[in-house]
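Student: I would like a close look at one part of this model, taken slowly and with the cut-offs spelled out. Could you choose one strand and follow its connections to the rest of the chain?

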Amino acid sequence: MSSSHFNRGLLGHDMVVMQQITAFMANDFELLSADGSVIGRLAGTDSDGSRFLAGPRKFELREPDGTPLLIIDDVPDFGLDTFELRTPDGGYAATLTKQLTFFRNRVSIKAADGSTLDLEGEIFDYTFEIVDQGAVVATISREWAGISRSLLGHSRYVVSFDPTVATDRRLLILGAVVALDLIRMKQRRA
């Protein structure tokens, strides 16, 4: 993945607010800067029929001008949730897998380079960290979206990146937040 976007656009921000903008048969988000400006969008790419039968399963993360950055695919599986993250040209970026452990859920992200990012903390609660080789590279907090948005099932996440995190890792982390929201949505429906 290229680092050409690092100083501009979505990936140049050390704090990103992910605000869900739809909820019925969709899971779209606007990505906002600290001042509330739209710096990216995440939109479902499933057909209406597919979303009706299986819920939202395919997403594309884009710059505000529509430039694709990452494809997130909730692949069909039996048991543990698995998501594939791909580059816009279809190249493999990572696999995110929910794993069951005693009393907690654990999520790991296996990157294309073979490294692993781990999600630590109360993953399905309000705050968790993403750790890369023992170092915290991002903190994610789920925040109150307001009474009307909460009643509609809308979520709001604040992603705070360590300023030294490279663009390829930032993409994986943003993809992981989307996957976690989908996992939470599935657990609410179960």
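Tutor: What follows is a walk along strand β2 and outward from there. The model is predicted, so local features need pLDDT of at least 70 and side-chain atom pairs count only at pLDDT 80 or more, while totals for chains, interfaces and linings use all residues. Residues are numbered from 1 along each chain as its sequence is written, and side-chain values use heavy atoms, with hydrogens and water left out.

Strand β2 covers residues 29-32 and runs antiparallel to β1 (residues 15-20), to which 4 bridges join it; helices (H or I, at least four residues) and strands (E, at least two) are DSSP runs numbered from the N terminus, and two strands pair if DSSP finds at least two bridges between them. Within this pairing, Phe29 of β2 stands opposite Gln20. Strand β2 is also joined by 4 bridges to β3 (residues 38-44), again in an antiparallel arrangement, and here Leu32 has Val38 as its bridge partner. The hairpin of β2 and β3 has 5 residues between the strands, and in it Gly36 takes a positive phi near 90°.

Phe29 deserves a second look, since the structure holds 1 aromatic pair, and its members are Phe29 and Tyr157, whose ring centres are 6.4 Å apart and whose planes stand at 45°, so the pair is tilted. The rule is that rings of Phe, Tyr and Trp (its six-membered ring) pair if their centres lie within 6.5 Å, with planes under 30 degrees apart counted as stacked, over 60 as edge-to-face and the rest as tilted. Because Phe29 lies in β2 and Tyr157 in β12 (residues 156-161), the pair ties together parts that are 128 residues apart in sequence. Phe29 counts as buried at 1% relative accessibility, and Tyr157 is buried too, at 3%; buried means under 20% relative accessible area, exposed over 50% and partly exposed in between (1.4 Å probe, protein chains only).

Leu31 brings in the largest nonpolar core, where, of 44 residues, Leu31 is one of those that touch the most other members, together with Leu10, Met18, Ile130, Ile140, Ile173 and Leu174. The largest share of this core, 12 residues, comes from helix α3 (residues 167-189). Such a core is a set of buried Ala, Val, Leu, Ile, Met, Phe, Trp, Tyr and Cys residues joined through side-chain atoms within 4.5 Å. Leaving aside neighbours within four places in sequence, Leu31 has contacts (heavy atoms within 4.5 Å) that include Leu10, Val16, Met18, Val38, Leu61 and Leu174.
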